[in-house]
Amino acid sequence: MYNNILVPVDGSEKSALAALHGAELASKTGSKLFLFHVVPSLPPYIDTAPDRLSKVQQSIMDQLIEQGNIILSKVNDDLAAYGLNIHTDIAVGNPAEQIIKKAKEINCELVIMGSRGLGEIKGILMGSVSNKVTKHAGCPVMIVR
Ligand SMILES: Nc1ncnc2c1ncn2[C@@H]1O[C@H](COP(=O)(O)OP(=O)(O)OP(=O)(O)O)[C@@H](O)[C@H]1O
Ligand SMILES: [Mg+2]
């Protein structure tokens, strides 16, 4: 039933927990596990000193991508004991939109994600990314809390 499971990870504890659930399920069902990270795109400051800013933006983006790859490697390493077929990928853009797009691309039958991520607003049950993915993904979404 589950050939492809997608777990979006943002470096938060809840997303690491979601990855564990993904690994458990993948090991029982023989499915492929996809870990996916999205680097949110930076706002386009086009009005002021474009040359200097674009260099700064590029450098920030490069560091965020590097950080994203570290997040993916860490989660991947933590799941090593499962001996699974794990794919990792990174994208730049709006996190929820990119996750929904990735889910379509890989034809996944299930997305597993944390209820919350790195956001600092206390007291809400679900963050904006899990909220949007739950509403708009074309497959079931498991929310881990
Ligand atoms: N940039 C991202 N890349 C991949 N997965 C993400 C990303 N951001 C969030 N997620 C996934 O969504 C889950 C919920 O995070 P979400 O961002 O919705 O909550 P939050 O950070 O607490 O709130 P908000 O971002 O709305 O302030 C995370 O546990 C993770 O699985
Ligand atoms: Mg967030």
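So, Ser 128 and ligand 1: an N or O atom in the side chain of Ser 128 is 2.6 Å from an oxygen atom of the ligand. And before anyone asks, this is a predicted model, so please hear every distance today in that light. One residue along, Val 129 joins in with its backbone, where a polar atom is 2.8 Å from an oxygen atom of ligand 1. Then there's Val 9, and here the partner on the ligand is a nitrogen atom, with 3.5 Å between that nitrogen and a polar backbone atom of Val 9.

How much of ligand 1 does the protein cover? Taken on its own, ligand 1 has 610 Å² of accessible area, and the protein covers 88% of that. As for where we are on the protein, ligand 1 sits in the largest pocket. If you want to trace the shell by secondary structure, four elements each give two or more residues to it: strand E2, residues 32–40; helix H3, 95–105; strand E4, 110–114; and helix H4, 128–136.

There are 21 residues around the ligand, and the ones that come nearest are Pro 8, Val 38, Arg 116, Gly 119 and our friend Ser 128. What's the mix by class in that shell? We get 10 polar residues, 9 nonpolar and 2 charged.

Okay, let's stay with helix H4 for a minute. Ser 130 is in that helix too. Is Ser 130 buried or exposed? Its relative accessibility is 4%, and the cut-off for buried is under 20%, so Ser 130 counts as buried. Now look at what its side chain does. There's a contact to the backbone oxygen of Ser 115 at 3.0 Å, and the side chain also reaches the backbone oxygen of Gly 127, at 3.4 Å.

Going past the end of H4, you come to Gly 138, in the loop that leads to strand E5, residues 141–144. Gly 138 has a relative accessible area of 80%, and because anything over 50% is called exposed, this glycine is exposed. Which residue can we pair with Gly 138 across a gap of 35 in sequence? That's Ala 103, with 7.9 Å from C-alpha to C-alpha.

While we're on loops, swing over to the one between H3 and E4, where you'll find Asn 107. Have a look at the backbone there: phi is near 50°, so to speak on the positive side, and this is a residue other than glycine. Asn 107 counts as exposed, at 57% relative accessibility.

Next, strand E2, which I mentioned as part of the shell. Leu 35 is in this strand, and with a relative accessible area of 1% this leucine is buried. Leu 35 and Val 75 are 40 residues apart in sequence, but in space their C-alpha atoms are 8.2 Å apart. Pro 40 is in E2 as well, and there the relative accessible area is 44%, which makes Pro 40 partly exposed. And if you'd like a link back to Val 9, the C-alpha atoms of Pro 40 and Val 9 are separated by 13 Å, with their positions 31 residues apart along the chain.

Just ahead of that strand, in the loop between helix H1, residues 13–29, and E2, there's Ser 31. Ser 31 is buried, at 5% relative accessible area. What does its side chain face? A polar atom of that side chain lies 3.4 Å from the backbone oxygen of Tyr 2.

Last stop is Thr 29, in helix H1. Thr 29 comes out as partly exposed, since its relative accessible area is 37%. Its side chain reaches the backbone oxygen of Leu 25 at 2.8 Å. And for a sense of scale, try Thr 29 against Lys 122: that pair is 93 residues apart in sequence and 36 Å apart in space, C-alpha to C-alpha.

So, if you open the model afterwards, I'd begin at Ser 128 and its 2.6 Å contact with ligand 1, then go on to Ser 130 and the backbone oxygens of Ser 115 and Gly 127. That's me done, thanks.

Notes:
Residues numbered from 1 in each chain as written. Chains lettered and ligands numbered in written order. Predicted model: local features only at pLDDT ≥ 70, side-chain atom pairs only at ≥ 80, totals over all residues. Heavy atoms only, no water. Near = heavy atom within 4 Å. Polar contact = N/O pair within 3.5 Å; in protein donor to acceptor, adjacent residues only side chain to side chain. Areas by Shrake-Rupley, 256 points an atom, 1.4 Å probe, with all protein chains shown as cover. 1 Å grid on protein atoms, 1.4 Å probe; cavity = no way out; pocket = protein on both sides within 12 Å on 5 of 7 lines; lining within 4 Å. Sits in = over half its atoms within 2 Å of the grid points. Nonpolar A, V, L, I, M, F, W, Y, C, P; charged D, E, K, R; others polar. Buried < 20%, exposed > 50% of the residue type's maximum accessible area, 1.4 Å probe, protein only.
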